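Thanks for making the time this morning. I would like to walk through one model with you, going from its sheets to its ligand and then to the parts that call for caution.

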Amino acid sequence: LHHGGHFSWTIKAFLGCPSLRPLPSSGLKAKHTSVAFLKTHKTASTTVQNILFRFAERHNLTVALPVQACAHQFCYPRPFSARFVHPHTVPARVVASHMRLNASELRRVVPADAVYVTILREPAAMFESLFSYYNQHCLSFRRVPNGSLEAFLDDPWRYYRPEEKDSMYARNTLTFDLGGEKDRPADAAYVAGLVGEVERVFSLVMIAEHFDESLVLLRHLLSWDLEDVLYVKLNMRSPGSRRSLGAGLPARIRAWNALDAQLYDHFNASLWRRLAGLGAACVGREVRLLRRARDRLVRGCFGGRLPQLRPATQIRNKELRPWQPSARVDIVGYDLPHNGSRPAGPSQDVCLKLIMPEVQYSQRLLRIQSLRYRRGYPKRLPPPLRPTLARRRLHVGSFRDFLGPALNQRPRGSQTRAGRGGRFSRRQLS
Ligand SMILES: Nc1ncnc2c1ncn2[C@@H]1O[C@H](COP(=O)(O)OS(=O)(=O)O)[C@@H](OP(=O)(O)O)[C@H]1O
């Protein structure tokens with residue numbers, strides 16, 4: 001495995017959980033600070049991304065962010081390219097925005113010792129979420145009469161066009177995000193190749209249904225403190241936007257997404273093997289500690305109570321309003337209480353970031369990092385330059401130095417879009 005050595009070392013260090021890190025401590029193995037997280041779709045990945053963004057900010061680590069033309073994703077669904085990374089955000093130690101995996105390109109952006117992590121979700125629940133979230137964006141879903149999931153599953157080929165824009169949301173989305181071919185028959189050889197490739201690249205495949213247990217593994221893998229993996233759930237649909245899957249539907253969804261189903265089964269089983277390696281007592285204890293610490297943090301932010309989920313329209317602070325994909329689905333979020341956090345509790349800033357939606361947090365990090373880049377810029381300028389060259393370098397100079405000339409081309413259309421202010425287009429948001 002790509003980082004198998006590191007993982008087994010870490011596992012040994014924590015066998016029987018002798019060295020839990022409930023508090024920041026010295027004397028233990030240094031925290032691992034380079035992480036490449038493949039943010040898959042509708043898998044709780046925004047919650048993981050938020051954990052990573054906050055870790056990066058606290059530890060002053062640069063987060064690779066997309067160029068404006070890519071919106072807040074790395075020009076998804078195109079395969080990832082180092083050209084999609086904003087020049088003010090390299091060299092990076094953390095990557096956590098949506099992309100379609102292209103491992104060799106990703107390796108050009110993160111340090112050689114980066115730990116690769118991703119997350120999968122049970123395909124039936126995930127597909128139900130995709131179907132409702134992208135009901136207006138994905139033509140395969142829009143064609144279905146009355147937006148009926150049953151009708152789609154009765155005859156998917158009637159609505160699904162493999163080559164169509166956004167078709168990756170309608171079949172084997174996990175496989176696609178991982179760089180695989182979503183329309184390949186799920187024969188044993190192809191699945192084995194896919195699984196092997198994911199195992200080669202990733203040190204940890206988290207599972208959304210076992211989020212806290214996955215965080216235990218993540219924390220051990222990276223030697224992070226407990227406080228580094230605290231979270232609140234982000235990007236949730238309101239209960240009214242969800243629908244329960246009647247008898248027979250999960251099996252039909254799995255059949256339609258057969259590649260994803262096999263990937264999920266494989267990595268769910270390996271997650272539990274790894275947890276068994278830590279020992280049930282250790283995992284149970286860590287999960288309890290995590291939930292207790294999370295509860296304390298959250299209550300500290302919300303005036304001693306657990307936060308109320310709110311529709312975007314009821315959130316006063318614009319920075320905290322999650323993006324809404326369509327009028328047919330409600331993505332809920334949180335608002336901070338008027339009086340802010342308790343004097344003895346976490347700071348307003350800590351609480352704000354804990355519940356900040358993906359788009360706003362990405363914009364915030366880009367602002368901060370661009371400022372840092374500009375402040376450091378003169379130091380990077382090789383003297384002397386003619387004025388016209390200097391002007392051009394102001395945009396691309398140090399990026400070229402870092403990644404080499406071939407990577408300096410910007411994605412098609414980027415200049416125009418960025419020139420227009422680089423606003424996110426609705427379609428590009430997730
Ligand atoms: N911690 C945790 N555990 C389990 N599930 C969680 C968690 N955090 C978020 N969620 C659920 O994940 C769904 C959103 O996934 P993403 O953030 O990956 O979506 S996106 O592709 O970035 O839009 C979304 O699922 P649905 O509500 O079914 O749509 C969230 O409710």
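Before I point at anything, one definition: two strands are taken to pair if DSSP finds at least two bridges between them. With that in mind, and remembering throughout that this is a predicted model, look at β2 and β3, where two bridges join β2 to β3, residues 94-95, and the two strands run parallel. Within that pairing, A64 stands opposite V95 in β3.

These two strands belong to an open sheet of five strands, in the order β2-β3-β1-β4-β5, with parallel pairing. Why is one side of β2 and one side of β5 left without a neighbour in the sheet? The reason is that β2, residues 63-64, and β5, residues 204-207, stand at the edges, so each has a single partner strand.

Staying between β2 and β3, the loop that links them holds both P77 and P91, and each of these prolines is worth a look at its backbone. Y76 and P77 are joined by a cis peptide bond, with omega at about 10 degrees, while V90 and P91 are likewise joined by a cis peptide bond, with omega at about -10 degrees. Elsewhere, in the loop between α7, residues 156-159, and α8, residues 173-177, sits D166, which has a positive phi of about 70 degrees although D166 is not a glycine.

There is also an open sheet of three strands, in the order β6-β8-β7, and here the pairing is antiparallel. Its edge strands are β6, residues 236-237, and β7, residues 310-311, each of which pairs on one side only. Between β7 and β8, residues 331-333, there are two bridges, and the strands run antiparallel; for R310, the bridge partner in β8 is G333.

Now to the ligand, which I suspect is what most of you came for. Which residues come nearest to the ligand, out of the 23 around it? They are K39, S45, T46, S129 and R237. If we take the polar side-chain atoms one at a time, one from T46 lies 2.5 Å from an oxygen atom of the ligand, one from T47 lies 2.8 Å from a nitrogen atom of the ligand, and one from R121 lies 2.9 Å from an oxygen atom of the ligand. Taken alone, the ligand exposes 650 Å², and the protein buries 94% of that.

As for where this shell comes from, α2, residues 45-58, and β6 each supply at least two of its residues, and the largest share, three residues, comes from α2. By character, the shell divides into six nonpolar, 10 polar and seven charged residues.

Finally, how far does the predictor trust all this? The complex is given an ipTM of 1.00 and a pTM of 0.85, and the chain has a mean pLDDT of 86, with 80% of its residues reaching 70 or more. Two stretches deserve care: over residues 1-15 the pLDDT is below 50, and that stretch has 31 contacts in the model beyond near neighbours in sequence, while over residues 387-430 the pLDDT is also below 50, with 75 such contacts. Among the elements of the chain, helix α17, residues 414-419, has the lowest mean pLDDT, at 31, and strand β4, residues 115-120, has the highest, at 99.

Technical notes: Residues numbered from 1 in each chain as written. Heavy atoms only, no water. Helix = DSSP H or I, 4+ residues; strand = E, 2+ residues; numbered from the N terminus. pLDDT = per-residue confidence, 0-100. Contact = heavy atoms within 4.5 Å. Near = heavy atom within 4 Å. Polar contact = N/O pair within 3.5 Å; in protein donor to acceptor, adjacent residues only side chain to side chain. Areas by Shrake-Rupley, 256 points an atom, 1.4 Å probe, with all protein chains shown as cover. Nonpolar A, V, L, I, M, F, W, Y, C, P; charged D, E, K, R; others polar.
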